[in-house]
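Hello,

Here is the structure I promised to pass on. Please have a look at it first, and then read my notes below.

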Amino acid sequence: MTQQETINWSRKSLQELREFWYAEIETALRRAGHDLESRPTYQDLVDAGFSGIAYTLREHHDMTLTDFLESVGYEGPDTDGSYHWGIGDETTIDALEELLRRIDNKRADSTTRSKRYRLATYVRLYETVHGTATIADRVMDEEHEYDELQRVEAVLYELDDELDSPESKLRYLSDIREFYTHLETRHGAPFNPAENVDHGEIWDGRVDDEKDNPALSSGQVRALYDAADGPGERLLVLALCAWGLRRSEVAGLHVSQLVLDGDDPHIAFDERKNGPGTVALIYGVPELTDRLDALGGRDREWNGYLFPSTESSSGHVTGETIQARFKRLAQRAEVRVRGKWPTSKMGRRFWYTTYNQAMSDLLDNLDVIAGEQGSSDPSVVLKNYLSEAERRKYRREFMRERLAEAFGE
């Protein structure tokens, strides 16, 4: 059996693919003699036994191989050679690049790239949560140490939506602390807010804990949806469990992102993961319309956010508020996972689990066609004998069936 055949690509999240890249693929490329200073080609990956990553990125993550390679630190074919941090504060960018130059003199290229990716993820999310990425300036005022501690913790709470394994969380926390230590030792910052965050409450940082990630069951999703009071709470359950959104994405959802006409209703994101993306609205469009009607009907000056807030400068609630509302709903519905109140992330995991089940259902139904084509692998039929439009149609049909079971249709 080849290495390609032993890798279950479709079950890896985007974050897991990146971790797999750093841990396995770059190591294999280096052994094969590839210069990791140069951007690897698709043929390089094929030769090393990793061709399946391109198909998985396209089919499961709406991303090209080029986009993925940029996300793990390689320059795109048309870039000017500089790394795009994706934030607007030059002082913070200068400090980040200075830190990485110092690290680059001591460590392997792949280590520097993975660290750069983790730091970029952190500072971009910091800007999303707080509206600015003036990190380097904010740690210069000792009077605001407690405020900055809370800001860092708020970002870590949001980052938890991106990460699954305790190992990944510890790597992120280590890199974030290293950056703030750099601001202390090289830029004269009087404190390190990341050093004092109570990550034990934010993340379970013990790497010896169970490595599987619990998800809500279909029955639990149904219980939450039945207990939901009004269009707002019903939309909350749909957004997390039926659409697989992160809680920060739910918090900032705006009417301008919604495309509800035609046969392909979806949510459009200008920035998601590593660039523009869409999320198909396979289920729940009538409920979404109810929410829009409720908001627009009660307030002529509605700002367009599906979870608006008059107290926030952003005009919408935060991801932490979405988390708190979800937990209150779970308590009302008496839904527990392993004896604890579930988090919003467990709703997102339900979406991933359901999608994988739907894909298994689809592949099971393609077994007959595969046999007629002389193939033992139905995924070959899915890839080679169906058009992109047909693949999308069948994926959505099987996914909708699974979601309908969970939401009690």
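**Notes on three residues**

A polar atom of the Arg-348 side chain lies 2.4 Å from the backbone oxygen of Gly-244. Such a polar contact is a pair of N or O atoms within 3.5 Å; within protein, one must be able to donate a hydrogen and the other to accept it, and residues adjacent in sequence count only if both atoms are side-chain atoms.

Before going on, please note that this is a predicted model, where local features need pLDDT of at least 70 and side-chain atom pairs count only at pLDDT 80 or more, while totals for chains, interfaces and linings use all residues. Residues are numbered from 1 along each chain as its sequence is written, and side-chain values use heavy atoms, with hydrogens and water left out.

Arg-348 sits in helix H17, residues 344-365 (helices are DSSP runs of H or I, at least four residues, numbered from the N terminus). Arg-348 is buried (under 20% relative accessible area, 1.4 Å probe, protein chains only) and has no salt bridge (a side-chain nitrogen of Lys or Arg within 4 Å of a carboxyl oxygen of Asp or Glu). Glu-249 has the nearest side chain of opposite charge, 4.9 Å away (Lys and Arg count as positive, Asp and Glu as negative; His and the chain ends are not counted).

His-61, in helix H4 (residues 52-61), is also buried, at 7% relative accessible area. Its C-alpha lies 7.0 Å from that of Leu-14, 47 residues away in sequence.

Finally, Glu-320 belongs to helix H16 (residues 319-333). Glu-320 is partly exposed at 36% (between 20% and 50%). Leaving aside neighbours within four places in sequence, Glu-320 is in contact (heavy atoms within 4.5 Å) with Ala-154, Tyr-157 and Glu-158.

Best wishes

Notes: Helices (H or I, at least four residues) and strands (E, at least two) are DSSP runs, numbered from the N terminus.
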